[in-house]
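Here are my notes on the model you asked me to look through. Have the structure open while you read, and try to find each spot as you go.

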Amino acid sequence: MVVQRDNMQEIYGQIEWEELLTAVKKLANDKSPGLNNVPPDAFKARSLQNLDALHSFFNAYWRGEVDFTEWHGGQIVLVPKSGDLSDPNKWRGVTLMDMGSKIFSSILCTRLFNIY
């Protein structure tokens, strides 16, 4: 049963350091890079100083101080499933996103799921 809440302050706070670290750790290794051609492994290999800069960028974006136009879109790439590839049902679309956008989205999704 879902209980409606009057106030969801948990979602409005600044991005916490632990939220960023958790989101970066959740990135899958050896996957396609996003639109910026930076693979997830590169974010996992960043130093704490570089992650701190990313943390600052995310909070500036969250406060509406900056806007990253790269985060406004994605590119759909067709990936074949197994079987007869002449059948359109044997293909699926995968959206490539900027990796920063993917990490930020992961943080927001985690916040939303933790509300209930």
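The points below go from the whole chain to single residues.

1. First, a reminder: this is a predicted model. The protein chain has 4 helices and 2 strands. Walk along from the N terminus and you pass the elements in the order α-α-α-β-β-α, so try ticking them off on screen.

2. Now for the chain as a whole. Of the 116 residues in the protein chain, 24% are buried. The chain exposes about 8,100 Å², and carbon and sulfur atoms supply 55% of that area. Next, take the contacts between residues at least 6 apart in sequence: 60% of these join residues at least 24 apart.

3. How do helix 1 and helix 3 pack, and at what angle? Helix 1 covers residues 17-26 and helix 3 covers residues 48-62. Their axes are 10 Å apart and make an angle of about 110°. Angles of 65 to 115 degrees count as roughly perpendicular, and therefore helix 1 and helix 3 are described as roughly perpendicular to each other. As for handedness, the crossing of these two helices is right-handed.

4. Which residues meet where helix 1 and helix 3 touch? Helix 1 brings Trp 17, Leu 20, Leu 21 and Val 24. From helix 3 come Leu 48, Leu 51, Asp 52, Leu 54, His 55 and Phe 58. Sorted by type, the residues of this contact are 8 nonpolar, 1 polar and 1 charged.

5. Gly 100 is worth a click. This glycine sits in helix 4, which spans residues 99-115. Is Gly 100 buried or exposed? Its relative accessibility is 5%, and buried means under 20%, so Gly 100 counts as buried. Leaving out residues up to four places away in sequence, Gly 100 touches Phe 43, Phe 58 and Trp 71. You met Phe 58 in the previous point, as one of the helix 3 residues that meet helix 1. Gly 100 and Asn 36 are 64 residues apart in sequence, yet their C-alpha atoms are 9.1 Å apart in space.

6. Finally, look at the loop between helix 1 and helix 2, where you will find Asp 30 and Asn 37. Asp 30 has a phi near 55°, a positive value in a residue other than glycine. Asn 37 isn't a glycine either, and its phi is positive at about 60°. Are these residues buried or exposed? With a relative accessibility of 72%, Asp 30 counts as exposed. Asn 37, at 61% relative accessible area, is exposed too.

Conventions:
Residues are numbered from 1 along each chain as its sequence is written. This is a predicted model: local features need pLDDT of at least 70, side-chain atom pairs count only at pLDDT 80 or more; totals for chains, interfaces and linings use all residues. Side-chain values use heavy atoms; hydrogens and water are left out. Axes are lines fitted to C-alpha atoms, for helices over the stretch in contact, and angles run from 0 to 180 degrees between N-to-C directions. Angles under 35 degrees count as roughly parallel, over 145 as roughly antiparallel, 65 to 115 as roughly perpendicular and the rest as oblique. A crossing is left-handed if the near helix is turned anticlockwise from the far one by less than a right angle, and right-handed if clockwise. Contact means heavy atoms within 4.5 Å. Ala, Val, Leu, Ile, Met, Phe, Trp, Tyr, Cys and Pro count as nonpolar, Asp, Glu, Lys and Arg as charged, and the others, Gly among them, as polar. Buried means under 20% relative accessible area, exposed over 50%, partly exposed in between (1.4 Å probe, protein chains only). Accessible areas come from the Shrake-Rupley method with a 1.4 Å probe; for residues, only the protein chains shown count as cover.
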